[in-house]
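Please go through the model below with its helices, its strands and its nonpolar interior in mind.

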Amino acid sequence: MRLSQHQQQTIRRIVGEVFDEPVTILLFGSRVDDDARGGDIDLLVQCSEPVEHPAVTASRLSASISRALQGRKVDVVLEAPSLQYLPIHDVAHRTGVPL
């Protein structure tokens with residue numbers, strides 16, 4: 001995994017500030033590959049409760065994490081009972097690692 005302990009802690013802290021409930025965070029995509037270089041940070045946030053305003057929530061998370069990580073591009077995918085399950089969710093589950 002190509003995230004420092006500090007970056008992982010920062011992501012967990014920011015996600016925890018947005019959600020009142022416990023969530024699971026998976027890192028997936030190129031940052032999971034230790035041999036790759038560069039790349040954005042792809043995150044799947046799994047919620048057990050419905051998410052109101054998912055587009056706003058995902059955008060807010062992405063922007064907050066990006067700012068905290070000196071402008072690194074961050075993509076956030078939400079998974080919740082109220083949201084449609086998409087093929088990107090399968091990719092994240094297959095290749096992701098928990099933070």
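In which helix is the place of Thr 10? This is a predicted model, and in it Thr 10 belongs to helix α1, which covers residues 5-18. Thr 10 counts as buried because its relative accessibility is 7%, and buried means under 20%. Leaving out residues up to four places away in sequence, Thr 10 touches Ala 68 and Leu 69. The C-alpha atom of Thr 10 is separated by 12 Å from that of Gln 70, a residue 60 residues apart from it along the chain.

A second threonine, Thr 57, is found in helix α2, residues 54-68. Thr 57 has a relative accessible area of 13% and is therefore buried under the 20% limit. Its contacts, apart from neighbours within four places in sequence, are Val 18, Phe 19, Val 51, Glu 52 and Leu 78.

The interior comes next. The largest nonpolar core consists of 21 residues, and Ile 11 and Leu 43 have the most contacts inside it. At least two residues of this core come from each of α1, β1 (24-28), β2 (41-46), α2 and β3 (74-79).

Which residues does Leu 43 touch, not counting those up to four places away in sequence? Leu 43 touches Ile 11, Ile 25, Leu 26, Leu 27, Phe 28 and Ile 65, and also Val 74, Asp 75, Val 76, Val 77 and Leu 99. Apart from the largest core lies another core, of five residues, among them Leu 26, Phe 28, Val 77 and Ala 92.

How values were computed. Residues are numbered from 1 along each chain as its sequence is written. This is a predicted model: local features need pLDDT of at least 70, side-chain atom pairs count only at pLDDT 80 or more; totals for chains, interfaces and linings use all residues. Side-chain values use heavy atoms; hydrogens and water are left out. Helices (H or I, at least four residues) and strands (E, at least two) are DSSP runs, numbered from the N terminus. Buried means under 20% relative accessible area, exposed over 50%, partly exposed in between (1.4 Å probe, protein chains only). Contact means heavy atoms within 4.5 Å. A nonpolar core is a set of buried Ala, Val, Leu, Ile, Met, Phe, Trp, Tyr and Cys residues joined through side-chain atoms within 4.5 Å.
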